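Here is a short report on one protein model. It moves from single residues to the sheet, the helix packing and the ligand shell.

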Amino acid sequence: MMELKNDHLPIHLTNLAQRYGSIYRLKCGTTTMVVLNTSEVIREALVKKWSDFAGRPISYTGNIVSGGGCNISLGDYTEKWRAQRRLVHSSLQRCCKKSLHDVIERQALHLLKVLMGYKGHAVDLSEDFTVAASNVITTLAFGIEYDKSSSELQELHRCLNEIVALWGSSWISALDSFPLLRKLPNPVFARLLKEVVRRDKIITRLLNNYKSQDEKNQDVITGSLLQGLDNQNTGDKLLTDIHVHMATVDLLIGGTETSAAWLDWMVAFLLHRPEVQERVYEELCTVLEGRYPKYSDRHRLPVLCSLISEVLRLRPVAPLAVPHRAIRDSSIAGYFIPKNTVIIPNLFGAHHDPEVWPDPYSFKPERFLKEGGGSRGSSTRDLIPFGGGARLCLGESVAKMELFLFSAYLLRDFQLLLPESETSLPDLRGVASVVLKIKSYKVVAPHAPPDSMSPSGL
Ligand code: HEM
């Protein structure tokens, strides 16, 4: 029996792997969990045996934040869940095909404009990254941007953030592991309940606004989802409004803090190794010859891609993914895993496995480049920041395009420097909850486009 330290659970679980190996069991209150710590065992469970491990643990607090398990990320693997995931996947694909590139480009240009406004003063960019990522997802979901249209989206955003933070706190997770605690007053839990009510009011209003429009825009995700509900066969109407409501919450939560946290990490790592920033900048200048990149340019920008991979490796922003549940008796790495065991894919641990990644704790984007630069190196197979199998991150393609375009635009036009007033570089340890975030830090970003031109379209 050991105490589970909660200040940085991914690091703690990774350290335990050094003592207990790539797969071990933990008991937390009434729950037994199996922690997977290498990409090999994670792939075995999530990809090879996906149908054994596609479930989610059903928890008291999970039910409260997910409308009784009616969302994708926390919903269990049922026929309804599969229909919901299929519907959201196809709506997302459809809308992304039509407009994702344009939507991200627009937000990337807007981000540049905001940075220009700082005129090289020391600032914390985390809020700007959040606005950029949030605007991508709200434009896709509702056709509206949060900083322009209203305080309503700002309120929704604050509220979703609060729910994720509260739900990740030990005050709340203790209620799942120790049911007796539910009988005691718990102010943190009371706040969570209040925020869930607030969230649902705002989402209902936004969906009703959409439904009341005369000219409905089918190219936004919510429109496409509602259309999908209407198109269900009358005989087997599996999905209802609550599934659209909760899927919208999934996309807004999944689509905001993750990409924004990654951008924060990228800037911090570059402050630690400015010569990497130089190499990316030189590559952008040489390959793009002054223009802004398109996503299709990624194959010609290996240095930038190696930076993206290395930051995803060192700081997978969902470090423990989302817990899975064995839906039948199975095995992993030869060990028997009984039905209902909770499985924790420790992506952070897999990305720091010394057997796979030499010098695993060092920031070395060049590990993804072949000797002498050029095309991509060999180890991306072991990179699993988005999970895999039936529960693969639903927003993987949105996220990949965002990380690429946002970082390329940013590094093409701005130099990122440690402010002179700062005595130390950003602390790279991070704060782990559901999302792994960096502690706030400041940066100066003088405008330095390759040909000294202002970005077009600003
Ligand atoms: C699930 C990573 C961005 C939506 C997940 C999971 C991971 C992850 C590890 C859990 C997989 C599992 O349970 O095994 C990331 C990373 C991102 C990112 C690293 C960005 C850097 C996004 C975006 C969206 C999104 C932009 C929405 C547009 C979701 C949803 C799920 C999910 C809905 C639940 C999938 C399910 O349970 O079936 N993500 N994500 N994510 N993500 Fe992402």
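## Two backbone exceptions

Lys119 counts as exposed because it has 10 C-beta neighbours inside 10 Å. The cut-offs are these: buried means 20 or more other C-beta atoms within 10 Å of a residue's own, exposed means 12 or fewer, and partly exposed lies in between, with C-beta atoms placed from the backbone. The model is predicted, so local features need pLDDT of at least 70 and side-chain atom pairs count only at pLDDT 80 or more, while totals for chains, interfaces and linings use all residues. Residues are numbered from 1 along each chain as its sequence is written.

Lys119 is not a glycine, yet its phi is positive, at about 45°. It sits in the loop between α4 (79–117) and α5 (126–142). Helices (H or I, at least four residues) and strands (E, at least two) are DSSP runs, numbered from the N terminus.

Ala321 is also a residue other than glycine with a positive phi, near 50°. Its place is the loop between α13 (302–314) and β3 (324–325). Is Ala321 buried or exposed? Ala321 counts as buried, because 24 C-beta neighbours lie inside 10 Å.

## The sheet

Four strands form an open, mixed sheet in the order β1-β2-β6-β3. β1 (23–28) and β3 are the edge strands; each has a single partner, so one side of each lacks a neighbour in the sheet. Two strands pair if DSSP finds at least two bridges between them. The table lists the pairings.

| Strand pair | Direction | Bridges | A bridge pair or opposite residues |
|---|---|---|---|
| β1 and β2 | antiparallel | six bridges | Leu26 opposite Met33 |
| β2 and β6 | parallel | four bridges | Leu36 opposite Pro345 |
| β3 and β6 | antiparallel | two bridges | His324 with Ile343 |

Strand β2 covers residues 31–36, and strand β6 covers residues 342–345. Met33 stands opposite Leu26 of β1. In β6, the bridge partner of Met33 is Val342. Met33 therefore has a partner listed in β1 and another in β6.

β1 and β2 form a hairpin with two residues between them. Gly29 lies in that turn and has a positive phi of about 60°.

Strands of a sheet pair through backbone hydrogen bonds, either parallel or antiparallel.

## Arg325 in the edge strand

Arg325 belongs to strand β3. How many C-beta neighbours does Arg325 have inside 10 Å? The count is 18, so Arg325 is partly exposed.

Arg325 touches Gly55, Arg56, Pro57, Asn340, Val342 and Ile343, leaving out residues up to four places away in sequence. Contact here means C-beta atoms, placed from the backbone, within 7 Å. Val342, one of these residues, is also the bridge partner of Met33. Ile343, another of them, is the bridge partner of His324.

Arg325 and Tyr77 are 248 residues apart in sequence. Their C-alpha atoms are 9.3 Å apart in space.

## Helix packing

Helix α9 (residues 187–212) packs on helix α11 (residues 241–272) at an angle of about 110°, with axes 10 Å apart. Axes are lines fitted to C-alpha atoms, for helices over the stretch in contact, and angles run from 0 to 180 degrees between N-to-C directions. α9 and α11 are therefore roughly perpendicular. Angles under 35 degrees count as roughly parallel, over 145 as roughly antiparallel, 65 to 115 as roughly perpendicular and the rest as oblique.

On the α9 side, the contact uses Arg199, Ile203, Thr204 and Leu207. They meet Val244, His245, Thr248 and Val249 in α11. The residues of this contact are four nonpolar, three polar and one charged. Ala, Val, Leu, Ile, Met, Phe, Trp, Tyr, Cys and Pro count as nonpolar, Asp, Glu, Lys and Arg as charged, and the others, Gly among them, as polar.

Helix α12 (residues 274–288) and α15 pack at about 95°, with axes 9 Å apart. That makes α12 roughly perpendicular to α15. α12 brings Gln277, Val280, Tyr281 and Leu284, while α15 brings Ala408, Leu411 and Arg412. Five of the contact residues are nonpolar, one is polar and one is charged.

## The ligand shell

The ligand is surrounded by 27 residues. A residue is near a molecule if its C-beta atom, placed from the backbone, lies within 6 Å of it. The closest are Gly254, Gly387, Cys393, Gly395 and Ala399. The elements giving two or more residues are α11 and α15 (396–413). α11 gives the most, with seven residues. By class, the shell has 17 nonpolar, seven polar and three charged residues.

Notes: Two residues are in contact if their C-beta atoms, placed from the backbone, lie within 7 Å.
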